[in-house]
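Visitor: Could you walk me through this model, starting with the charged pairs?
Guide: Happy to; here it is.

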Amino acid sequence: MAERPAIPGPPAERVPLATIAAEWGRIGVIGFGGPPAHIVLLRKLCVDKRRWLPAPEFADGIAATNLLPGPASTQLAIFCAWRLRGAAGAIVGGVCFIVPGLVIILALSALFLAGHPPLWVRGAAAGAGAAVPAVAVNAAVSLLPASWQRTTGRRAARWRWLAYLAAGAVAGATAGELLVAVLLACGLAEVAIAHRSGPGKPAGGARGWLPAAAWLARGRSGPAASAAAWLGRRGVESGSAASAGALPTARSLARAAPAMAGSALARVGSTAGPALAAGGLGALAWVAIKVGALSFGGGFVIIPLMQHDAVVTYHWMTGGQFLNAVALGQVTPGPVVLTVAVVGYAAAGIAGGLLAVLIAFLPSFVFVIAGGPHFGALRSSGRVQSLLTGARPAAIGAIAGAAIPLGRDLGHQWQAGVLLLAAAWLLALRKGIVPALLCAAALGIIAALAGAPISH
C-alpha cells in the first residue's frame, strides 16, 4: 500500500482573516458537546460547505493532532485555520475558537465561586457536581475500544495494555501529582519494548518487557519535561532527517529511556522551582503547563492532572468546588480544557483564570504552527506511535481512577442518588453528557429549595 503523503505546509487557500475570525468564533459559541461536536462543525465548514480543505487532508489533520499532547479538537481548529492563512490564520482562528467559551466560563466561575452565592446556585452546583464522577467513567469507557484495538490481538501487547491501564488508574486515584510521570514512564516503557521486539530481536513477551520496566525504575536524572521534549523532537525528525543520520539509533533511545522516565518519577515536582512551594502564580503556571503540554489521551485527562494540585497541594478550592469546575467545563461551549480557567480563577481571580488559559493553550499553537509541516513525519514515526501506545491506556486509566476521589468529595446522600441517575443515563442508556449535567443541576436546585443540605 502506498504511504499517505505528508501534510503539505503552505496554506491551501488565502482566506481573509476576518472570515476566519467570524467562522471560528461562531464554532466557539455553538460548540457544545466537546471534541466530537467540534470535529463535526469544523468538517462541515472546511470540507462540506466552503470546500477549503479536501476530505483526506482533514482526516490527516485529525490523525496528526491526536498524536499531540493537549486538547486535540482545539489543535484541529488551529490546524485548519493554519492551512488557510498560515501562522496569522492559526492565531486568529484559535483565539476566536477559545475566547467565547472562556468569557462564559469566567462569568460562571464568578457566580459559582462567590463567597455567598444564592441558594439555587449552590443547589445547581451541588447537583451538577454530583454527576461528574459518572462523566469521568463515561469518558474513560468511550476511549477504551479504540485503544484496545491498537493491541492487534497480540497477547503480550494486551497484557502490557492492561498494565498501563492499571498504572494510570492507580495514579489517577491516589497520586495525582505523579500522573504526568506515570504517563511518560508507560510511554517510554513501550518505546524500549518496541526496540527490543524489532526485527531480529526477542519477542516482546513477559521476558521482553519486564526488563524494560526494570530499566525505567533505575533512572536518576533529567526532568519529565525533558523526556517529553526529547521524544517529540526526535519523533518529528524521524520522518524528515533519518536518511541523513540525524537521529540517534534505536539502541541509544532504549538506553536513554530509563534515565528520562526514572527522573520523571523522582523529580516531577522539584523541577518546577521554588514558586511551586509557595502556591503562587508559579504553581498555577506549572499546573497549566501540565494541562497543555503533558496531557495524553484527550481533554478529560486534565481532570486527574489538576485535581490533586488544585484541591490537595495548593488548596485553591474545595473538592466540591472542583466538581463544579469540571461540570462548568462540560456544559459550556468550546474546549473542555477551559476547565483550567475555573482553577485559575479560584487561585487568583480573573487574572489567574486568564493566565492559566494562556499557558495551557500556548503549547497547542506552538505545536501546530511550528510542527504543522512535519505532521506527516510525525504520523510515520515509530517512536511517537510507541510512546502513545503506552501513554494512552495509562491516560484512560487515570480518567477512570479520578472518579474515586471525585466521588469522595460528594458530601450528601441525595448527591449519591443524582450520581446513580447520571451513571444510568450515561453508561446504560448511552445518552449525552450535557443533558446529564443540566438535569443533575435541575435536581440540585429542587433539592436545595426543598431543604436538602447543601455545602457552602
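What follows is a short conversation about salt bridges and one helix in this predicted model.

Visitor: Which residue forms a salt bridge with Arg 83, and which helix is that partner in?
Guide: The partner of Arg 83 is Glu 57, with the closest N and O atoms 2.2 Å apart. Arg 83 lies in helix α4 and Glu 57 in helix α3, so the pair ties together parts that are 26 residues apart in sequence. The partner is therefore Glu 57, in helix α3.

Visitor: Is Glu 190 buried or exposed?
Guide: Glu 190 forms a salt bridge with Arg 160, the closest N and O atoms being 2.9 Å apart. Buried means under 20% relative accessible area. Glu 190 has 8% relative accessibility, so Glu 190 counts as buried.

Visitor: Which helix does the salt bridge of Asp 309 and Lys 290 tie to helix α13?
Guide: The closest N and O atoms of Asp 309 and Lys 290 are 2.6 Å apart. Asp 309 lies in helix α13, and Lys 290 is in the other helix, so the pair ties together parts 19 residues apart in sequence. That other helix is α12.

Visitor: How many of the 13 residues of α12 are buried?
Guide: Helix α12 covers residues 281–293. Its buried residues include Trp 286, Val 287 and Lys 290, and Lys 290 has a relative accessible area of 4%. Helix α12 is largely enclosed by the rest of the structure, because its buried residues number ten.

Conventions
Residues are numbered from 1 along each chain as its sequence is written. This is a predicted model: local features need pLDDT of at least 70, side-chain atom pairs count only at pLDDT 80 or more; totals for chains, interfaces and linings use all residues. Side-chain values use heavy atoms; hydrogens and water are left out. Helices (H or I, at least four residues) and strands (E, at least two) are DSSP runs, numbered from the N terminus. The expected span of a helix is 1.5 Å times one less than its number of residues. Buried means under 20% relative accessible area, exposed over 50%, partly exposed in between (1.4 Å probe, protein chains only). A salt bridge is a side-chain nitrogen of Lys or Arg within 4 Å of a carboxyl oxygen of Asp or Glu.
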